[in-house]
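Hello,

Here is the structure I promised to pass on to you. Have a look at it first, and then read on for what turned up in it.

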Amino acid sequence: MYSNLEQIQSGSFSTVYKAWCSTLNKYVALKVIPKQKYTETGIMNEFKIMKALGTKHPNICSMIDYYEDDNNYVLVLEYCECGDLYDFLSIVKRQGSISHPALIQLDFIKIVHQLISALEYAHGLGIAHRDIKPENILLTKEGNIKLADWGHATLNRISNDFNIGTDNYRAPETFGCLNGHDTIKCDAWGVGVTLFYLMFGQCPFRNAEIPSNDGDLYDFGKGKHGKTAKCANFQQFLIDPYGFIYRYFLEPIVCIHQGRPYTAGDGKPSLYVWQDMVNIYQIFYVCRIIVDNLATIDADDRSLSRSLVLFDKVWNYNSNFNQGITAQDIKEFNADGDNNNNRTMDNASSMKSNMANASMERKQIIGKSS
Ligand SMILES: Nc1ncnc2c1ncn2[C@@H]1O[C@H](COP(=O)(O)OP(=O)(O)OP(=O)(O)O)[C@@H](O)[C@H]1O
Ligand SMILES: [Mg+2]
């Protein structure tokens, strides 16, 4: 029934093949999980979650079938011709240089819409993904995305699992939290870090862990996280999120934009900018939305739907951005529907003025994670 197997990826738990399915007359992906590497409970979790997700949502990679033999569990999945976003971006990055950022053909706002739509659908069914990252976002040849790899997903809204997901993308409270953490809010953090990766080719922190002293678990969002983060970048982010994002991601782009030389330290941020995000202000605002509504330390402040409304506003103001933004535009933008002062958009210079002088750990922290 399945022939012409071609290996796509081999990870720590599974090997994924492209295969021809003669009954369906199309290619499928076979996710083959050796029985000795995975418990039956583990695979049953992925199977049950995929079954619950069904085949209706266009941006969720659906399960077509499932079988097992003596040695393997096999999930038969919709095949996505263009692989995952991480690999796609790696190819693009190789084509760019520090002074000539590569331009990508993908449509950022469309990807944001599709990713949030897929997640909100899952969340509506009570399912949290728990491993949002570019490696788990697949691309079709039409340029659409499909969210995949539901191996870590859960139906538990509150969890005490402190070791699930991928460090670069994990919300701070998943490293330890007083009363468990809200798994759906953790997905929003993962989306925030993923969007930074998609824009800049780099994750902002190696991990968002704040080690507990004397074995205490931490309390988040109540101003009680006055401890020192493990990762220097994350510590900078905790002290001054806008300043950190400006220095880490935006300053190099501003230099290039203004024709000024940019000399990076050891590890340098990858510089490449989306084609549909041509104006520097637009990039600033997108960062601001991520910092305020997705990758924000207080889980209660995270909201996928609110971010989407704000992203749309940025794109709707596209024509203004392209002609150069005015003070009036900013005023209108802020007045237009966003009633929370903390989340209003600011102008670019205020983001810049938030810059602190502390030195940064400018290390490449990218690397495909399993
Ligand atoms: N349906 C698919 N179509 C095309 N490629 C796929 C498909 N499913 C998975 N892949 C590729 O295989 C990789 C691994 O798949 P997946 O993430 O589901 O497995 P995994 O065992 O969780 O891997 P890892 O441990 O690396 O996260 C994906 O990152 C993607 O590149
Ligand atoms: Mg994966």
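The shell around ligand 1 is made up, by class, of 10 nonpolar, eight polar and five charged residues. That gives 23 residues surrounding ligand 1, and the closest are Gln 9, Gly 11, Ser 14, Ala 29 and Asp 149. Please keep in mind that you are looking at a predicted model.

Where does the shell come from? Domain 1 (2–78) and domain 2 (85–357) each give at least three residues to the shell around ligand 1. Among the strands, E1 (2–10), E3 (26–34) and E5 (72–78) supply at least two residues each.

Those three strands also lead us to a sheet. E1, E3 and E5 belong to an open sheet of five strands, ordered E1-E2-E3-E5-E4 and paired antiparallel. At its edges are E1 and strand E4 (63–68), each of which pairs on one side only. On average, and ignoring direction, neighbouring strands of this sheet are turned by 25 degrees against each other. As a reminder, strands of a sheet pair through backbone hydrogen bonds, either parallel or antiparallel.

E5 is a good strand to follow, with a partner on either side in the order E3-E5-E4. What joins E3 to E5? Seven bridges do, and the two strands run antiparallel. In one place you can find Ile 33 standing opposite Tyr 73 of E5.

Turning to the other partner, E4 and E5 pair in the antiparallel sense over five bridges. The two form a hairpin, with three residues between them. If you would like to trace the pairing yourself, Met 63 has Leu 77 of E5 as its bridge partner, while Tyr 66 has Leu 75 of E5.

There is a helix to look at here too. Helix H1 (residues 40–53) lies across E3, E4 and E5, and runs at about 25 degrees to E5.

Finally, a word on confidence. The protein has an average pLDDT of 81, with 74% of the residues scoring at least 70. Which elements mark the two ends of the range? Strand E8 (residues 145–147) has the highest mean pLDDT, 98, and helix H11 (residues 348–353) the lowest, 46. Over residues 336–370 pLDDT stays under 50, and for this stretch the model has 61 contacts beyond four places in sequence.

Happy exploring, and best wishes!

Key: Residues numbered from 1 in each chain as written. Chains lettered and ligands numbered in written order. Predicted model: local features only at pLDDT ≥ 70, side-chain atom pairs only at ≥ 80, totals over all residues. Near = placed C-beta within 6 Å. Helix = DSSP H or I, 4+ residues; strand = E, 2+ residues; numbered from the N terminus. Nonpolar A, V, L, I, M, F, W, Y, C, P; charged D, E, K, R; others polar. Domains from an automatic or database assignment. pLDDT = per-residue confidence, 0-100. Contact = placed C-beta atoms within 7 Å. Pairing = 2+ DSSP bridges. Axes fitted to C-alpha atoms, helices over the stretch in contact; angles between N-to-C directions.
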